[in-house]
Amino acid sequence: MKGDAFEKVMTPHNFGSNIFVSPYVGLRPFYEEEAALFFGRDKTLSDVLTLLEAEPIVAIIGHSGSGKSSLILAGLIPQLRIRNEQPRFFVMRPGHAPVSNLAEALGTSEITHLSTTELNALARTDPDQFVQILSHADCQLFGVVDQLEELFLLKHADTREELKAFVNILDAITRADNQNVRIIISMRGDFLVECSSVGRLAEILNGRTFLIPRFTSSELRKCILGPADKFGIIVEQELVDRILTDVNAVLDPDYLPIMQHCLGQMWRVATNSHSDGAATLTYGDVQSKKSLIDKNKNM
Ligand SMILES: Nc1ncnc2c1ncn2[C@@H]1O[C@H](COP(=O)(O)OP(=O)(O)O)[C@@H](O)[C@H]1O
Ligand SMILES: [Mg+2]
């Protein structure tokens, strides 16, 4: 994988203060710093932002791998930074101790004058007061609760109190007297019915869920071409068509990570095979690899 061509094309690119070595992120979610490489979600973003303007909590629901975390981190957060004056953000996952994790996320970001320990205690004893303190902090606060489904691991007797306490906080956010605290949730769709069995979680989420759509072909085209364009790379039309044909033939929800993985592979194959420092990804570069999508379906 070494050599001049590879080194040349793989020279890290700078967008603002962020540095990227590849236009495609692979199997993992996009991070906020990678917003410049995040394409294809304009319509979805605008729909979620509209819902979030009206509601204090919005839950983005979809399959694992449908792009929920990426949408939040690389799409919504950058947009919310632009649209709000001095917004503050925290990102957490429930894990085994959602209330403690929430207190930790808030305490370490110094959004209030309370310590993590004080926040942790107050969140459990008086969720309304807890939310009131947050909503009267001098900022618009956006919290991301990624993978809410982790809550449902806490349904056993010894962890149920933690689960209830966290749901009570979400409930208190829906009753807050101002709109300064907003929560964006991601949750796997196959856990949606579980919400009916946990306190008021169903009521909290009713009217506040957004089912993440599958990308259309034209959006997928943007996902392929946008990042390449940022790197000054042309992707041959025939290659794009071939990828789209392959991806559209995959009905299961894994199509997106598979596509990302394949794009990363193609990028490596193509950049490695051009001794002159490739500026174009061609179908010829990857033809010999047959359908990378097919090859990777069972990865
Ligand atoms: N807009 C996008 N363009 C290209 N790939 C994307 C996009 N959004 C997500 N992906 C890719 O899809 C896969 C799943 O994304 P992720 O955000 O982790 O989904 P989820 O949180 O729903 O499991 C990852 O490989 C990610 O890089
Ligand atoms: Mg995720």
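Helices here are DSSP runs of H or I at least four residues long, and strands are E runs of at least two. Counted that way, the protein has 13 helices and 9 strands. Keep in mind that this is a predicted model.

**The overall picture**

Of the protein's 299 residues, 34% count as buried. Take the contacts with a separation of 6 or more: 74% of them are between residues 24 or more positions apart.

The largest nonpolar core has 72 residues, and the members that touch the most others are Val-58, Ala-59, Ile-60, Ile-169, Ile-184 and Ile-185. Helix α11 gives the largest share of this core, 8 residues. Domain 1 (4-23 + 215-296) and domain 2 (41-211) both contribute to the core, so it lies between them.

Ala-59 is a good place to look inside. Setting aside neighbours within four places in sequence, Ala-59 is in contact with Leu-148, Ile-185, Met-187, Leu-205, Arg-208, Thr-209 and Phe-210.

**Around the ligand**

Which residues come nearest to ligand 1? Out of the 21 around it, they are Pro-29, Gly-67, Lys-68, Ser-69 and Ser-70. Two elements, α3 (68-83) and α11 (255-273), give two or more residues to this shell. By type, the shell residues split into 9 nonpolar, 10 polar and 2 charged. The ligand lies between domain 1 (4-23 + 215-296) and domain 2 (41-211), because both give residues to the shell around it.

**Helix α7**

Helix α7 covers residues 160-175, which is 16 residues. From first C-alpha to last it reaches 23 Å, close to the 22 Å expected at 1.5 Å a residue. Its buried residues are Leu-163, Phe-166, Asn-168, Ile-169, Leu-170, Ala-172 and Ile-173. Among the elements covering them are β3 (57-62), α4 (98-109), α5 (116-125), α6 (127-135), β6 and α8.

**Four residues to click on**

Here is how a few individual positions sit in the model.

| Residue | Where | C-beta atoms within 10 Å | Status |
|---|---|---|---|
| Cys-195 | loop between β6 (181-188) and α8 (201-205) | 23 | buried |
| Gly-264 | helix α11 | 17 | partly exposed |
| Gln-86 | loop between α3 and β4 (87-92) | 8 | exposed |
| Gln-147 | loop between β5 (140-145) and α7 | 18 | partly exposed |

Why does Cys-195 count as buried? The cut-off is 20 or more other C-beta atoms within 10 Å, and Cys-195 has 23, so it qualifies. Beyond residues up to four places away in sequence, Cys-195 touches Leu-201, Ala-202 and Leu-205. Leu-151 is 44 residues from Cys-195 in sequence, with 9.6 Å between their C-alpha atoms.

Gly-264 has a partner from far along the chain: Ser-22 is 242 residues away, yet their C-alpha atoms are separated by 7.6 Å. Leaving out neighbours within four places, Gly-264 is in contact with Ser-22, Tyr-24 and Gly-26.

The two glutamines are worth a look for their backbone. Gln-86 has a positive phi of about 45° although it is not a glycine. Gln-147, also not a glycine, has a positive phi of about 65°.

Technical notes. Residues numbered from 1 in each chain as written. Chains lettered and ligands numbered in written order. Predicted model: local features only at pLDDT ≥ 70, side-chain atom pairs only at ≥ 80, totals over all residues. Near = placed C-beta within 6 Å. Nonpolar A, V, L, I, M, F, W, Y, C, P; charged D, E, K, R; others polar. Domains from an automatic or database assignment. Buried ≥ 20, exposed ≤ 12 C-beta atoms within 10 Å, placed from the backbone. Contact = placed C-beta atoms within 7 Å. Expected span 1.5 Å × (residues − 1). Core = buried A, V, L, I, M, F, W, Y, C linked by C-beta atoms within 7 Å.
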